[in-house]
Amino acid sequence: MEKVHWILVIEKEATFRSLATSEFWTKIAAQGIIITAKGYPDIATRALLRFLAFPSPRNGFSKPPVHALVDFDPDGLGILSTYKYGSFALAHENAALAVSSIRWLGVRSTHIMTEESVHQSQGLLRLSQRDRRKASKMLEQEVFAADGP
């Protein structure tokens, strides 16, 4: 673990496979770890990430930075939130599984929206009704407040 300089959590399996089979990965594989849960993380993936991200005698007291590459949509942000804060369904497990130091690596609205571009589609996908409902519910939760939980 002392040679691990970073951990990258990837939302999509296709993105994970593409990166893992790329020539770029062969050059940087010795420096970091990539992980995917193929969407919303299960307990085993969250436990593995927590083990790798927190110093302990079992991992050589290593604490590499953890980054998450997720979509800029309600599901991507929900996945990031599950890794960072935990889930509502398993709230009793959150303290043992959350990785509060995880950082979002990805496109944000400030990267693509300017006053000039507000009226241009730029190839962006519209949110579905499901996405809109999910986003509205997320805005009611403390973890998605402007200043966080």
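1. Contacts along the chain. In this predicted model, 69% of the contacts between residues at least 6 apart in sequence join residues at least 24 apart. The chain has 149 residues, and 35% of them count as buried.

2. Order of elements. The chain has 7 helices and 4 strands. Read from the N terminus, the elements follow the order β-α-α-β-α-β-α-α-β-α-α.

3. The sheet. The 4 strands form an open sheet, with parallel pairing and the order β2-β1-β3-β4. Its edge strands are β2 and β4 (103-104), each of which pairs on one side only. Strand β3 (residues 66-69) pairs with β4 in the parallel sense, over 2 bridges. On this border of the sheet, A68 has W104 of β4 as its bridge partner.

4. Helices on the sheet. Helix α1 (residues 13-20) lies across β1 (6-10), β2 and β3, and runs at about 150 degrees to β2. Helix α3 (residues 43-53) also lies across β1, β2 and β3, and its angle to β2 is about 160 degrees. Angles over 145 degrees count as roughly antiparallel, so both α1 and α3 run roughly antiparallel to β2.

5. Packing of α4 on α7. The axes of helix α4 (residues 74-85) and helix α7 (residues 129-139) come within 9 Å and cross at roughly 40 degrees. That angle makes α4 oblique to α7. On the α4 side the contact is made by P74, D75, L77 and G78, and on the α7 side by R130, D131, K134, A135 and M138. By type, the residues of this contact divide into 4 nonpolar, 1 polar and 4 charged.

6. Charged pair between α4 and α7. D75 forms a salt bridge with K134, with the closest N and O atoms 3.9 Å apart. The pair links distant parts of the chain, since D75 is in helix α4 and K134 in helix α7, 59 residues away. D75 is buried, because its relative accessible area is 16%, whereas K134, at 25%, is partly exposed. Salt bridges that share partners join D75, R130, D131 and K134 into one network. These four residues are also among those that make the contact between α4 and α7.

7. Salt bridges elsewhere. How many salt bridges does a search of the whole structure find? The search finds 8. Side chains of opposite charge can pair when their charged atoms come close. One of the pairs is K12 with D71, where the closest N and O atoms are 3.1 Å apart. K12 sits in the loop between β1 and α1 and D71 in the loop between β3 and α4, so that the pair links parts of the chain 59 residues apart. K12 counts as partly exposed, because its relative accessibility is 37%. D71 is partly exposed too, with a relative accessible area of 27%.

8. K38 and E13. The side chains of K38 and E13 meet in a salt bridge, at 3.7 Å from N to O. K38 lies in the loop between β2 and α3 and E13 in helix α1, so the pair ties together parts that are 25 residues apart in sequence. Are these two residues buried or exposed? K38 is exposed, because its relative accessible area is 58%, while E13, at 27%, is partly exposed.

9. Backbone at K38. Phi of K38 is near 60 degrees, a positive value in a residue other than glycine. Anyone checking the backbone here will find K38 in the loop between β2 and α3.

10. A29. Where is A29 found? A29 is in the loop between α2 (23-28) and β2 (32-36). Its relative accessibility is 30%, so A29 counts as partly exposed. A29 and V4 are 25 residues apart in sequence, and their C-alpha atoms are 9.4 Å apart in space.

Definitions and conventions. Residues numbered from 1 in each chain as written. Predicted model: local features only at pLDDT ≥ 70, side-chain atom pairs only at ≥ 80, totals over all residues. Heavy atoms only, no water. Buried < 20%, exposed > 50% of the residue type's maximum accessible area, 1.4 Å probe, protein only. Pairing = 2+ DSSP bridges. Contact = heavy atoms within 4.5 Å. Axes fitted to C-alpha atoms, helices over the stretch in contact; angles between N-to-C directions. Parallel < 35°, antiparallel > 145°, perpendicular 65-115°, else oblique. Nonpolar A, V, L, I, M, F, W, Y, C, P; charged D, E, K, R; others polar. Salt bridge = Lys/Arg side-chain N within 4 Å of Asp/Glu carboxyl O.
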